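User: Got a minute to walk through this one with me? I'd like to start with the loops.

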Amino acid sequence: MKKYQKLYAAGLISAETLNRVIQLQEKPVFSLHREIRMILYAGILMLSTGLGILIYQNLDSIGHQVILALITAITAGCFWYTFKNQSPYQQEKQNSTNVAADYILLFGCVSLLSLLAYLQFQYDFFGTRYGLATFIPTVILFFMAYRFDHQGVLGMAITNLALWMGVSVSPQVLFGLTRINESPLIWTYVSLALLLITAAYLSEWFRIKPHFKFIYLHFGSHILHLSMLTAWFAYSGSYNWIYLLLTIFSAALLYKNGKREQSFYLILIQLFYAYIAASILYMDSLKWIHLSSDPYLFILWFIISPVLLARHIYQLHKKLKQ
Amino acid sequence: MIVYPSESVKNLQLIQQIQDEAAYTGITAAEIGAIAKAHPVTFYIPTFLVRAGLFLLTVVIVFASSALLSLLFGGLMRDKNLPYALLLFGLLCYLALEKLCKKYQHYQAGTDDALTLLSSGFLLTGVLWLHEINTQSWSPSAWYLFASLSTAVISLWYVIRFASPLMTIISASALLMAFLTALHILNPSGILLIPFGALFFAASLCYLVLNTKMKAILTLYSSCLAVLIQFAVFTAGLAFNYYVADQTGKELSGTTFQVPLPYFFWVWTFVFPLVCIGYALKKHSRMLLNSGIILLTAAGLTFKYYDTLVPFEYLLSGAGALLLLLSWRLLKWLKNPRYGLAGQVPFPQNNTDQERVDSIIISATLPQQKQHLPDRFGGGNFGGGGSSSDF
């Protein structure tokens with residue numbers, strides 16, 4: 001309280017602000033907003049996982065129709081609640097005032113995925129049209145994400161889009177670099193990344209949920225750079241350094257965009273991947289000039305290059321802050 | 001003693017407090033800007049991501065420099081000289097840290113975090129290694145006591161000099177370990193002394209930190225003091241946690257150990273976090289509330305570890321449903337503020353970054369649909385070389 005009075009006396013805050021502080025002092029308020037959100041998310045995660053295991057283990061005793069009816073009821077109930085309680089569609093960002101509806105939508109989307117997977121697994125609902133089994137939920141998830149302006153559901157939709165294309169974008173798979181170490185899959189990942197990056201720019205261009213651009217670029221950047229680096233590992237030909245150059249080039253383009261948007265997250269991702277590509281290129285070039293056995297050249301790279309990179313990050317951060 | 005100019009530290013504390021309270025006071029961005037202008041802070045404080053990036057790069061630089069030094073002076077850094085080499089690396093890192101903080105005013109910037117950890121790590125390893133060579137006849141308990149005290153002393157210096165919250169936790173943990181080891185040396189059969197000792201330690205720490213005189217003297221270390229209180233709460237909560245007591249007992253007196261007064265330990269495991277949460281809601285303490293929630297989660301995990309009656313999936317579904325119901329009721333109940341509690345903040349701040357982080361977490365953690373790819377080798381449920389089915 002005293003500090004606000006001092007700030008008011010110094011003319012740094014308005015009388016209105018000081019009055020609010022005085023009111024707050026008389027009638028203190030403690031918000032549990034963050035904690036309730038945390039409990040909601042933990043509840044959804046635990047319930048969906050627990051029910052998933054429970055259903056899987058009791059398929060024979062519960063009966064398929066009962067399980068289907070239960071999941072359908074949960075999904076329909078969640079979507080009904082969301083449609084009833086959320087505000088109408090807007091092109092721009094909507095500030096959600098109903099926390100429960102946000103999380104219930106999320107729960108509904110998870111249930112929908114379980115329902116469709118169950119239908120396909122048990123009743124062969126989509127027959128041999130496997131693409132359809134992932135395409136339909138992808139379309140529904142994208143619709144839900146745009147209709148209710150939910151970035152979490154958009155992330156789920158992108159994950160499903162990847163599944164429809166035949167690849168997985170879960171962090172374990174992406175950073176494990178195991179499954180994508182297969183040549184045809186690398187190009188599927190590259191196509192997916194380019195599609196996402198295009199979607200990011202189109203969102204901004206047409207002003208349709210422009211704030212979704214970040215999510216598209218987040219997935220697009222990681223997938224593109226990781227698949228390019230994996231291509232370097234997978235193709236051991238004498239021209240595989242081209243993939244490293246492509247990584248640096250695409251990182252440079254996205255870096256420019258990150259700088260324009262003042263998004264330090266996007267800038268750092270590009271610097272991170274470009275640095276890895278540059279380091280591999282340096283090691284490779286040492287091999288070509290028959291100097292790879294010299295430990296000093298190896299160590300000096302890892303002293304000089306991080307110093308330069310740290311200096312660049314430091315200066316860039318200071319510049320963007322101003 | 002602190003390496004940073006005290007005026008800047010105080011100004012930073014004021015600005016951070018104002019920013020933390022903005023969601024309640026409704027102070028405008030322009031007013032915060034004016035306050036920041038009138039209270040200049042000379043530090044370089046980057047965002048979390050930049051901090052993480054600078055941390056990683058500093059670690060790479062330090063390890064590469066150590067490798068270069070080892071190559072250049074390889075002959076000197078062998079066998080018995082290795083502890084001295086570690087001490088030298090530690091000293092060099094420390095000098096770099098002093099320069100970064102004093103001249104370039106890096107404050108929780110990643111570079112200073114990395115140098116703090118690496119220099120203290122090198123120094124501590126050097127000291128312990130050197131000591132091990134000279135005191136091979138020491139008993140394990142005496143050795144633990146020495147190691148804990150050395151850690152406490154070295155990290156305490158970093159707390160005094162750089163006001164580092166991380167080093168505060170390390171220092172307090174080492175001091176607690178030293179205290180408990182000393183208790184065990186004095187009375188090796190008194191296993192029950194350990195939880196009481198931990199509780200005594202936590203209570204003493206709270207008493208010291210909450211002492212108003214101490215608070216006035218240590219204004220520059222307010223972040224360290226806050227961390228110390230949280231540490232004391234965790235120590236008190238875990239001191240009588242059933243799992244911690246059981247595992248500590250088994251470690252010290254063999255696998256046949258049975259926790260004495262098990263009901264008391266079980267009651268404490270669940271009641272202490274609830275008391276913390278209740279007290280936090282009454283006193284409006286976010287720190288205590290978070291500690292209570294974490295301790296309650298620990299209590300749930302403890303129950304899950306020992307419970308054999310309720311299957312895991314039932315427990316998970318039940319707990320999930322309970323949490324959903326609880327949050328639903330809370331949202332309804334706190335639609336309008338009651339008893340000083342609210343479901344929303346009075347002046348919501350721009351939370352774009354938080355939404356982005358949430359969406360990334362959701363896509364990475366929520367269950368995903370599996371791919372429905374055709375089986376390439378379908379057909380045949382039995383037969384074939386002794387394999388049972390599905391081949």
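Analyst: Sure. One term before the loops: helices here are DSSP runs of H or I with at least four residues, numbered from the N terminus. Also, this is a predicted model.

User: OK, so where is Q108(B) found?

Analyst: Q108(B) sits in the loop between α4 (82–102) and α5 (111–134) of chain B. Its phi is positive, about 45 degrees, although Q108(B) is not a glycine.

User: What's the usual sign of phi?

Analyst: Most residues other than glycine have a negative phi.

User: And is Q108(B) buried or exposed?

Analyst: Q108(B) is buried: 20 other C-beta atoms lie within 10 Å, and 20 or more is the cut-off.

User: What about phi of A163(B)?

Analyst: A163(B) isn't a glycine either, and its phi is positive, near 50 degrees. You'll find A163(B) in the loop between α6 (140–162) and α7 (165–186) of chain B. A163(B) counts as buried, with 22 C-beta neighbours inside 10 Å.

User: Switching to α11(B): which residues are buried there?

Analyst: Y242(B), V244(B), A245(B) and G249(B) are buried in α11(B). They cover an arc of only 165 degrees around the axis, so they end up on the same side of α11(B).

User: What covers the buried residues of α11(B)?

Analyst: The cover includes α8 (193–210), α10 (222–239), α12 (262–283) and α13 (286–306) of chain B.

User: And what follows α11(B)?

Analyst: G254(B), with a positive phi near 95 degrees.

User: Last one: what does the secondary structure of chain B come to?

Analyst: Chain B has 15 helices and one strand. Of its 391 residues, 31% count as buried.

Technical notes:
Residues numbered from 1 in each chain as written. Chains lettered and ligands numbered in written order. Predicted model: local features only at pLDDT ≥ 70, side-chain atom pairs only at ≥ 80, totals over all residues. Buried ≥ 20, exposed ≤ 12 C-beta atoms within 10 Å, placed from the backbone. Helix = DSSP H or I, 4+ residues; strand = E, 2+ residues; numbered from the N terminus. Arc of directions from axis to C-beta. Contact = placed C-beta atoms within 7 Å.
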